[in-house]
Amino acid sequence: MKKINCAVIGCGRIGCGFDDNQNKKILTHAGSYFFNKKTNLVALCDIDTKKLKKYGKKYQINGLYTESSKMFESEKIDCISICTLADSHLDLVKEAINYNVKGIFVEKPISTNLKDAQTIIDLCQQNQVKLAVDFQRRFDPFYHGIKKYISQNKLGLIQLVQVYYGGGIANTGTHLFDLLRYLFGEIKSVRANYSVNKSANTNDPNIDVTLDFFDSMICQIHSLDYRNYVLFEMDILGSNGRLKINLVENKYIFESVKKGENVAGYNTLHKNYLNFSISKKSSIFLAIDDVINCLGKKKIPMCTGVDGYRSLELVIACHLSSQKKNKVLLPIKNLEYNISSK
Ligand SMILES: NC(=O)c1ccc[n+]([C@@H]2O[C@H](COP(=O)([O-])OP(=O)(O)OC[C@H]3O[C@@H](n4cnc5c(N)ncnc54)[C@H](O)[C@@H]3O)[C@@H](O)[C@H]2O)c1
């Protein structure tokens, strides 16, 4: 079988760097293409020549470019990962499409505003280019198992979902919003406030949020200052039990209901066991494998451009609600509101 030619634009942390000094699971786009039997990593592009040299040597690649247009001119690329900051995504997508790539895997957030996000989606659709956005949990069997468990109603009626996160609403919040939509469906409205527990990045504040879902479920999102410690956790309180998920380590604690155990006759929660499968492969490796498997086929990536748009929309809705101090209904009409890409 002919291998698919792939390249990475942006050799920073998620492009290449997260695999430095570790030999465990693959954590980068470049590493995922390099170790996938279906793909050839043919080129890297970064404006920083030091990174190019370093990762060119690591992956034994001659196709090293400081300008993406030169890379597309010189190489035949089927699938491109765009791992630069969000304000460059639209231009790079346009360029990739002009050079006839078949697949684009773009980092989150898809863009800095909804107008550009929609243009990215439209251009890919018009040119039959498969577009995927890197919300990695969507590609991971662990979360597929949780989604199945919830959709089969095994947790019962969801009374409340509580989340702890930090590190900024765009940086971490986009991942969270995508996972919430994946597990629980679409969100109707957002009530939000800038948090007293600050994010280290002043361009990307922490925001405390209450989300109202269409099926009347409520999710409360509490911000934490990650300079104290990192905690990214979702606590799902169903009528049949409680599932608490560590969203960093993909671990969980499950408690099910025991009838009438309490002295007053109330039902109580007791630790129990569920068997969600854990993949030996990393989420990013699985994500890239999914994108590759879609090329030239009808198959749609597990995380689409529309998912990228919805998640960005929720980030912007959180800002608007915090500023106006009122509830924001979705879909939002302000397509020009720009978030910072840094
Ligand atoms: N999905 C995830 O889990 C995940 C994790 C980390 C970062 N990200 C996202 O990935 C994006 C990049 O984050 P990062 O932490 O790797 O950033 P980074 O700053 O470490 O890397 C970005 C790289 O892009 C290069 N670059 C910038 N403009 C360029 C251009 N026009 N052409 C070529 N190279 C260019 C920079 O020199 C830099 O090396 C962000 O949007 C971030 O939110 C996602």
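In this predicted model, the ligand is surrounded by 23 residues, and those that come nearest are Gly 10, Gly 12, Arg 13, Ile 14 and Glu 107. By residue class, the shell around the ligand holds eight nonpolar, eight polar and seven charged residues.

**The sheet**

Six strands make up an open sheet with parallel pairing, and their order is E3-E2-E1-E4-E5-E6. At the edges lie strand E3 (63-65) and strand E6 (130-133), each of which pairs on one side only. On average, neighbouring strands of this sheet are turned by 20° against each other, direction ignored.

One pair in the sheet is strand E1 (residues 4-9) with strand E4 (residues 79-82), which run in the parallel sense and are joined over four bridges. Within this pairing, Ala 7 stands opposite Ile 80 in E4.

**The domains**

The chain is divided into two parts, with these bounds:

| Domain | Residues |
|---|---|
| domain 1 | 4-137 + 284-304 |
| domain 2 | 140-272 |

How many residues of each domain take part in the contact between them? Six residues of domain 1 are in contact with seven residues of domain 2. The side of domain 1 that touches domain 2 consists of three nonpolar residues, one polar residue and two charged residues. Taken over C-alpha atoms, the centres of domain 1 and domain 2 are separated by 30 Å.

Conventions. Residues numbered from 1 in each chain as written. Predicted model: local features only at pLDDT ≥ 70, side-chain atom pairs only at ≥ 80, totals over all residues. Near = placed C-beta within 6 Å. Nonpolar A, V, L, I, M, F, W, Y, C, P; charged D, E, K, R; others polar. Pairing = 2+ DSSP bridges. Helix = DSSP H or I, 4+ residues; strand = E, 2+ residues; numbered from the N terminus. Axes fitted to C-alpha atoms, helices over the stretch in contact; angles between N-to-C directions. Domains from an automatic or database assignment. Contact = placed C-beta atoms within 7 Å.
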